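Thanks for coming, everyone. Let me put the structure up and then walk through it.

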Amino acid sequence: YVYGEEHASRRIASFIVKRRAERPFTRTLDLAHVIERALGGRKGAKVHPATRSFQGLRIAVNAELEELEAGLVAAERVLKPGGRLAVVTFHSLEDRIVKNFLAERAGRTPGGSRHAPPVEAGAPSSFQLISSKAIAPGEAELAVNPRARSSKLRAAVRTQAPVWSAA
């Protein structure tokens, strides 16, 4: 549910538990078929119904989001002023992490509320955003590389400011 952003995760889990009671899974294709049955098939869908579930499993097993966060912090540490950081993401969980990291490091945190105590100024901006929005692939790119359909590019330039502390 969390890593695959699969809304029918409980239904899928129920189908998996029932199938495991009958016999163990021996192939990923078996699991894909069970998930497809749980979601009611795919009739003409571009994306296989099991895609989100397998994405969630892959992200959890490989600790991909934690590795991404560590990579962003490391990039901030090793880039020299004027160095460029470009990150290509392929799903919303990754993109949200990159977007928030760069926005925070570029000083684009939301201002305080008039109803709350003033917010202290953060550290000096260690990155300057090249574009405030993610850059999506164009039609020419998609024609040559259909797998790029969900990709987004975010980029920033390292400033002279010191590295933020890893709080």
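I'll take the sheet, then the helix across it, then a helix pair, and finish with some single residues.

One caution before the tour. This is a predicted model.

Start with the sheet. Three strands make it up, and the sheet is open. The order is E1-E3-E2, with antiparallel pairing. E1 and E2 are the edge strands. Each has a single partner strand, so one side of each has no neighbour in the sheet. From one strand to the next, the twist averages 30°.

Now look at E1 against E3. Their pairing is antiparallel and runs over six bridges. Two of the partners are worth finding on screen. Arginine 84 has valine 157 in E3 as its bridge partner. Valine 88 has leucine 153 in E3.

Stay on E1, residues 84–89. Which side chains point to the buried face? They are Leu85, Val87 and Thr89. Arg84, Ala86 and Val88 point to the other face, and these are not buried. That alternation fits the general rule: in a regular strand, side chains alternate between the two faces of the sheet.

Next, helix H5. It covers residues 92–105. H5 lies across E1, E2 and E3. Against E3, it runs at about 25°.

Does its length agree or disagree with what we should expect? H5 has 14 residues, and at 1.5 Å a residue these should span 20 Å. The end C-alpha atoms are 20 Å apart, so the length agrees.

Which residues of H5 are buried? Leu93, Glu94, Asp95, Ile97, Val98, Phe101, Leu102, Ala103 and Arg105. Note that Glu94, Asp95 and Arg105 are in that list. As for what the buried residues pack against, the partners are H3, H4 and the strands E1, E2 and E3. Here E2 is 127–129 and E3 is 152–158. Just after H5 comes glycine 107, with a positive phi of about 75°.

On to H3 and H4. H3 is residues 51–62, and H4 is residues 64–78. Their axes are 6 Å apart, and the packing angle is about 55°. An angle of about 55° therefore makes H3 and H4 oblique to each other.

What meets what? From H3 we have Arg58, Ile59 and Asn62. From H4 we have Glu64, Leu65 and Glu67. By class, the residues of this contact are two nonpolar, one polar and three charged.

Between the two helices sits alanine 63, in the loop. Alanine 63 is not a glycine, yet its phi is positive, about 50°. Buried or exposed? Neither: its relative accessibility is 27%, so alanine 63 counts as partly exposed.

There is another residue of this kind. Glutamate 5 is in the segment before helix H1, which is 9–22. Its phi is near 50°, positive in a residue other than glycine. Glutamate 5 is partly exposed, with a relative accessible area of 27%.

Inside H1, look at arginine 19. Buried or exposed? Arginine 19 has a relative accessible area of 7%, so this arginine is buried. Setting aside residues up to four places away in sequence, arginine 19 touches Pro24, Phe25, Asp30 and Val34.

Histidine 48 next. You'll find it in the loop between H2, residues 28–39, and H3. Histidine 48 is partly exposed, at 23% relative accessible area. The cut-off for buried is under 20%. Beyond its neighbours within four places in sequence, histidine 48 contacts Ala32, Glu36 and Arg42.

Last, back to asparagine 62, in H3. We met this residue in the contact with H4. Asparagine 62 is partly exposed, with a relative accessible area of 44%. How far is asparagine 62 from histidine 48? Along the chain, they are 14 residues apart, and their C-alpha atoms are separated by 22 Å. Now take asparagine 62 and arginine 114. In sequence, 52 residues separate them. In space, they are 43 Å apart, C-alpha to C-alpha.

To recap two points. The sheet runs E1-E3-E2, antiparallel, and H5 lies across its three strands, E1, E2 and E3. H3 and H4, both packed against by buried residues of H5, are oblique to each other.

That's the tour. Questions, please.

Conventions: Residues numbered from 1 in each chain as written. Predicted model: local features only at pLDDT ≥ 70, side-chain atom pairs only at ≥ 80, totals over all residues. Heavy atoms only, no water. Axes fitted to C-alpha atoms, helices over the stretch in contact; angles between N-to-C directions. Helix = DSSP H or I, 4+ residues; strand = E, 2+ residues; numbered from the N terminus. Parallel < 35°, antiparallel > 145°, perpendicular 65-115°, else oblique. Contact = heavy atoms within 4.5 Å. Nonpolar A, V, L, I, M, F, W, Y, C, P; charged D, E, K, R; others polar. Expected span 1.5 Å × (residues − 1). Buried < 20%, exposed > 50% of the residue type's maximum accessible area, 1.4 Å probe, protein only. Pairing = 2+ DSSP bridges.
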